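Here are my notes on this model, as numbered points. Please read them with the coordinates open.

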Amino acid sequence: MGVGLGMLVHTLMGCLGLSVLVSNFSWMVLLIKYLGAGYLIFLGIQAIFLKKMVNKEKKFEHSEDSIRIEPAFRVGFVTAAFNPKAIIYILALFSTVISPDTPIAIKLIIVILLPTISFFWHLLVANLFSFVKFKKSYQDNYRKVELIFGVLMLVLGLKIAIGRD
């Protein structure tokens, strides 16, 4: 739910016209672009050079009592609200696809739809990890998954950073 609420922050900013304001100042767009690219590069390098998961059995085992809702919600919200990929995505969507003349009903649908999709995606991922077979498969392939996504994030970050405007 925290991730969905974080996405709601971005969509509301877009609907309130903040993305149009930011898009009118090219230095802001470049700042967001390079901060986002740097963040992706950082995450990619971190994932590529990550050491093998230590004691992977304990890392993924949690009792229901050990997972508290409030900290999980807070982490999800902060992660989503300050995710540069989400900021860039919403900025691009609202500043290129949706104009100030777009009917309020369409904007309202988007404000509801994006966080809802985000919520259900994260619900799906959480449910997949509740299956022992899926969790075991992930644990067995953890390093490969991290390496693949690390390379993808690094390449995407570099592409964004050196891409032409």
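1. Start with the core. This is a predicted model. Apart from neighbours within four places in sequence, M7 touches A80, I90, L114, P115 and S118. Two of these partners, I90 and L114, also appear with M7 in the largest nonpolar core. That core has five residues in all, and I98 and I110 complete it.

2. Overall fold. The chain has eight helices and zero strands. From the N terminus on, the order is α-α-α-α-α-α-α-α. Among contacts with a separation of 6 or more, 83% join residues 24 or more positions apart.

3. Burial and surface. The chain has 165 residues, and 27% of them count as buried. The exposed area is about 11,700 Å². Carbon and sulfur atoms supply 73% of that area.

4. The nonpolar patch. W121, L124, L128, F131 and F134 make a nonpolar surface patch of about 490 Å². Which helix gives the most to the patch? Helix α7, residues 104–128, does so with three residues. F131 sits in the loop between α7 and α8, the latter spanning 132–162. Its relative accessible area is 51%, so F131 counts as exposed, the cut-off being over 50%.

5. Aromatic pairs. How many aromatic pairs are there? The count comes to four. One of them joins F129 and F134: the ring centres are 5.0 Å apart and the planes stand at 90°, so this pair is edge-to-face. F129 is partly exposed at 27% relative accessibility. F134 is also partly exposed, at 34%. Y138 and Y142 form another edge-to-face pair, with 5.6 Å from centre to centre and 85° between the planes.

6. Tyrosines in α8. Y138 and Y142 are four residues apart in helix α8, so about one helical turn separates them. Are these two tyrosines buried or exposed? Y138 is buried at 18% relative accessible area. Y142 is buried too, at 11%. The buried class ends at 20%, so both values fall under the cut-off. Ring pairs link Y138 and Y142 with F129 and F134 into a cluster. F134 therefore belongs to this cluster and, at 34% relative accessibility, to the nonpolar patch as well.

7. Salt bridge in α5. The structure holds two salt bridges. One joins E70 and R74, whose closest N and O atoms are 3.3 Å apart. Both residues lie in helix α5, residues 69–81. They are four residues apart, about one turn of the helix. E70 is exposed, with a relative accessible area of 55%. R74 is partly exposed, at 44%.

8. Salt bridge in α8. K136 bridges to D140, with closest N and O atoms 2.8 Å apart. This pair lies in helix α8, again four residues apart, about one turn. K136 has 41% relative accessibility, so it counts as partly exposed. D140 is partly exposed as well, at 42%.

9. What to look at in α8. Helix α8 holds the K136 and D140 salt bridge. The same helix holds Y138 and Y142, which form an edge-to-face aromatic pair. K136 and D140 are partly exposed, whereas Y138 and Y142 are buried.

Key:
Residues numbered from 1 in each chain as written. Predicted model: local features only at pLDDT ≥ 70, side-chain atom pairs only at ≥ 80, totals over all residues. Heavy atoms only, no water. Core = buried A, V, L, I, M, F, W, Y, C linked by side-chain atoms within 4.5 Å. Buried < 20%, exposed > 50% of the residue type's maximum accessible area, 1.4 Å probe, protein only. Contact = heavy atoms within 4.5 Å. Patch = residues over 30% accessible without salt bridge, like charges linked within 9 Å, V, L, I, M, F, W, Y side chains within 5 Å. Areas by Shrake-Rupley, 256 points an atom, 1.4 Å probe, with all protein chains shown as cover. Salt bridge = Lys/Arg side-chain N within 4 Å of Asp/Glu carboxyl O. Helix = DSSP H or I, 4+ residues; strand = E, 2+ residues; numbered from the N terminus. Phe/Tyr/Trp six-rings, centres within 6.5 Å; stacked < 30°, edge-to-face > 60°.
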